[in-house]
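Student: I would like a close look at one helix pair in this model, set against other helix contacts in the chain. Please take the reader through it in a connected way.

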Amino acid sequence: MPAPPTRTIPETLPLLALRSTIVLPHGRIAVQVGSAENVAALDAGLVLVAFVPGTAVPGADLTGRIGVVARVSGKVPAGAGTVQATLEGTARARIRRVTPERGALVAFVEMVDEAPATVDAARPAIERIVAAAESLAESDERFPAEAAGLVARAAGDPSRAADIAAGNANMRAADRDEIVQCLDVGERLERVASRLERELARAHVLGEVERRTAVHVEQHQREFFLRQQMAAIRAELGEGDGADSDADAVMRQVGEAGLPPHVEKEALRETARLRALAPASSEYQVLRNYLDWLLALPWSRSSGTAGIPLGRVEQSLDGRHYGLEEAKERILEYLSVRQLLGGAGTDPHGPILCFVGPPGTGKTSLGEAIAEAIGRAFYRISVGGVRDEAEVRGHRRTYVGSMPGLVVQALRRANVRDPVLMIDEIDKMAGGGPGGDPLAAMLEVLDPSQNAAFVDHYLGVPFDLSRVLFICTANSVLDIPAPLRDRMEVIRIAGYTVEEKVEIAWRYLLPRLFREHGITDLDLQFTDEALSAVSSRYAREAGLRGFERNVAALMRRRARRKAQGEAGAWVVDTPLIEEVLGPPRYPVAEAEVEPELGTATGLAWTADGGEIMTIEALRMPGTGKLHVTGQLGGVMRESVDAACSYVRSMARALRIEDAEMKVTDLHIHFPAGSVPKDGPSAGVAVTLAIASVMSRRAVRRDVAVSGEVTLRGKVLEIGGVREKVLAAYRAGLREVILPAANEKDLRGLPDAVRGHVRVTFVKAMDEVLGMMLLPALVVEAHADGHPDGGAPRGIGIPQRRSGDQRPWTD
């Protein structure tokens, strides 16, 4: 234990409580006080100075804190009842308690023990303090130049050196008080050194900012002075000024650009206006930007290719895309017409290509393949979410920061007047709003009879878009406005089967992904079964994006192990797939195939492709009411009403008692209640579910149905047939019932689907009921005689035996 310090100060001292500053030992400050207690304390020659935080009260709040014993000198009145004095700190002392005496506060104090630091241990921190102080003295004229010398001379006493450095640093009163309270000399030195180094870094930053600002100002002043001298010299020589020189350069560019006559006339007129403006004016820069845009556009630059090489287009499409035979045929037919008319873009009445299909089915890459094959520049414009007409047609030059529209910007980047422009997500353009209707502007862009003289608001002169080959993409043709859809050649891309995804993986995905992940097929070996499992259990979608992400996840795992030094080949099998991708996201067969009462399997179409949809019907005692749930649209609700009315009209044929209909409530539910649903194509499935639950005859679940039903029982045509059949195939169903009017829509189905899915076409609901409803069940009754609408009791539903290929019959 260290020996108690020798007392060199009185046991009591007048307390000088300060809120805005604090004196340190071996330091000196000038203070001005106005409170009665502080003025009375200055009457003594020796005081205890203590820092009082803003919310603290001098007195009890200071008990146990460290203060500084200071000598008072140079005490003089400062006016308005205040006194100014100089304080010289001598030592630290701890406040035991504070009492008021004769108008002043008196502190009972005791000396404190410091944790000393040896000279050798303190040398590095002192050297840092000295170096920082020297640098601060050079970079900040407010920092005392003698501070570094004072600290260096006090290096033999580390405590004194730390206090001297802290007293000269630019610190807040609270930060200085932290130094006063710190009794560990080594820690105190480290705090002061860090503080000075931070202050030095801030001074460097501020100095650099000031230097750059000064250089910038001097440069602008110099440029202004030189311009004035140049203008004076040109005036003496009879030459034009700087604006004339700039205008002359623009004039030469206009003459060399080969602009159309109407554009050249506008450019010359704006150049004359430019010559009359001062370079420093804001309008000068606006005109200069406008002329730059006029000169940058490809008014006469073409791709240099003549005609459309159909053979090369076919080769490019086959080389980059597997399957999609109908889409390829339609593209070649479309381009053949353009070729016979003299090249793409010369048909004034030809439609615009529009690829419609789920995400990830290759719509954009089809456009790239066309552009590559015919030797045209390719540029993609995304118009999803465009809400303002100005984004398509451009802003007028009267607006600050105005620019041309998306089409003109794309032409400037393509740098030719006949590129292939792909307008992506055209079905997601918003309707008209406060900023105008972008759909109307896009109609002018795409309409072959109008776009030969398309006027962008920014340019103000017509630009010929008839040579541009426009290709649009959409997820849903129904979301494209009718006027736009009327001008498009719609090519539908339904999606890929599992077999097609496996073939695409072998041909395109795996070679590219192996290159991107730095591994080879010797490191990771796939099989058809493994790729099929990834597609059907983890990426059951119409497109390829989810499938590609899952295959890439397997490759990343192998690449990581290879980077860690693991050699050998991995064979992708089920355990490895589940280890990397987790549990399967989809069951082996999503569709339920066991016959069930009041439940039918329908087919739905979404922007992401086709899906199977289960419709559930439940009966219960009631008064003949109909309840419908599942977030349905108005058309689907009307379809449910029509189905219910049809079943009631067929009650005798279905052996349903009229009295039973009057005392039975029906509840029709479409699962996945959070997903909005609409459309009439669920009519057949809803009719089946209602007929099943009311007649107590189970419905075959191994067959999917789709079609609109009228009150007379006619089955009408529906849309999205190919997508729906593919969805049934992906879900494991091998039989589908569709309206007879949709037989024409099966032409584009892949051969693998045609060979495995049997499609039955019907014209009336009677045919569907005969094929889908199984023999009636024996059902027990409640005690009150009302039939039970829940699970049947008695004879069970007949089950299909293995190998039995006979169709269900009534």
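The exchange below concerns one helix pair and then turns to further parts of the chain.

Student: Which residues of α8 and α9 make the contact between these helices, and at roughly what angle do the axes cross?

Tutor: The model is a predicted one. As a setting for the pair, the secondary structure of the protein chain consists of 26 helices and 26 strands. The chain has 810 residues, and 46% of them are buried. Among contacts in the chain with a separation of 6 or more, 73% are between residues 24 or more positions apart. The accessible surface amounts to about 39,300 Å², and carbon and sulfur atoms hold 52% of that area.

Helix α8 covers residues 261-275 and helix α9 covers residues 282-296; their axes come within 10 Å and cross at roughly 155°. Angles over 145 degrees count as roughly antiparallel, and α8 and α9 are therefore roughly antiparallel to each other. The crossing in which α8 passes α9 is left-handed. On the α8 side, the contact is made by V263, E266, A267, E270, T271, R273 and L274. On the α9 side, the residues are E283, Y284, L287, R288, Y290, L291 and L294. Sorted by class, this contact comprises eight nonpolar residues, one polar residue and five charged residues. A general point bears on the spacing of such lists: an α-helix has 3.6 residues a turn, so residues three or four places apart point the same way.

One residue of this contact, L287, merits a separate description. L287 has its place in helix α9. Its relative accessible area is 2%, and buried means under 20%, so L287 is buried. Leaving aside residues up to four places away in sequence, L287 touches E270, R273, L274, L277 and R397. Of these partners, E270, R273 and L274 are also listed for α8 in the contact between the two helices. L287 and E270 are 17 residues apart along the chain, and their C-alpha atoms are separated by 7.1 Å.

Two further helix pairs can be set beside this one. Helix α19 (residues 545-563) and helix α20 (residues 574-581) pack at an angle of about 90°, and their axes are 10 Å apart. That angle makes α19 roughly perpendicular to α20. In this pair, N550, A553, L554, R557 and R561 of α19 meet L576, I577, E579, V580 and L581 of α20. The classes represented in the contact are six nonpolar, one polar and three charged residues.

The other pair joins helix α23 (residues 683-695) and helix α26 (residues 765-772), whose axes come within 11 Å and cross at roughly 55°. The two helices are therefore oblique to each other. Here α23 passes α26 in a right-handed crossing. The contact is formed by V684, T687, L688 and A691 of α23 together with M765, V768, L769 and M772 of α26. By class, it has seven nonpolar residues, one polar residue and no charged residues.

Burial within single helices can be described as well. Helix α4, residues 158-168, is mostly covered, as nine of its 11 residues are buried. The buried residues of α4 are P158, S159, A161, A162, D163, I164, A165, A166 and N168. In α14, the buried residues are V407, V408, Q409, A410, L411 and A414.

The end of α14 leads to a point of backbone geometry. Most residues other than glycine have a negative phi. N415 follows α14, and N415 has a positive phi of about 65° although it is not a glycine. The residue is found in the loop between α14 (406-414) and β9 (420-424). With a relative accessible area of 38%, N415 is partly exposed.

Q631 is another residue other than glycine with a positive phi, in this case near 55°. Q631 lies in the loop between β18 (626-629) and α21 (634-649). At 42% relative accessibility, Q631 counts as partly exposed.

To return to the pair in the request, α8 and α9 cross at roughly 155°, and L287 of α9 is among the residues that make their contact.

Terms used: Residues are numbered from 1 along each chain as its sequence is written. This is a predicted model: local features need pLDDT of at least 70, side-chain atom pairs count only at pLDDT 80 or more; totals for chains, interfaces and linings use all residues. Side-chain values use heavy atoms; hydrogens and water are left out. Buried means under 20% relative accessible area, exposed over 50%, partly exposed in between (1.4 Å probe, protein chains only). Helices (H or I, at least four residues) and strands (E, at least two) are DSSP runs, numbered from the N terminus. Axes are lines fitted to C-alpha atoms, for helices over the stretch in contact, and angles run from 0 to 180 degrees between N-to-C directions. Angles under 35 degrees count as roughly parallel, over 145 as roughly antiparallel, 65 to 115 as roughly perpendicular and the rest as oblique. A crossing is left-handed if the near helix is turned anticlockwise from the far one by less than a right angle, and right-handed if clockwise. Contact means heavy atoms within 4.5 Å. Ala, Val, Leu, Ile, Met, Phe, Trp, Tyr, Cys and Pro count as nonpolar, Asp, Glu, Lys and Arg as charged, and the others, Gly among them, as polar. Accessible areas come from the Shrake-Rupley method with a 1.4 Å probe; for residues, only the protein chains shown count as cover.
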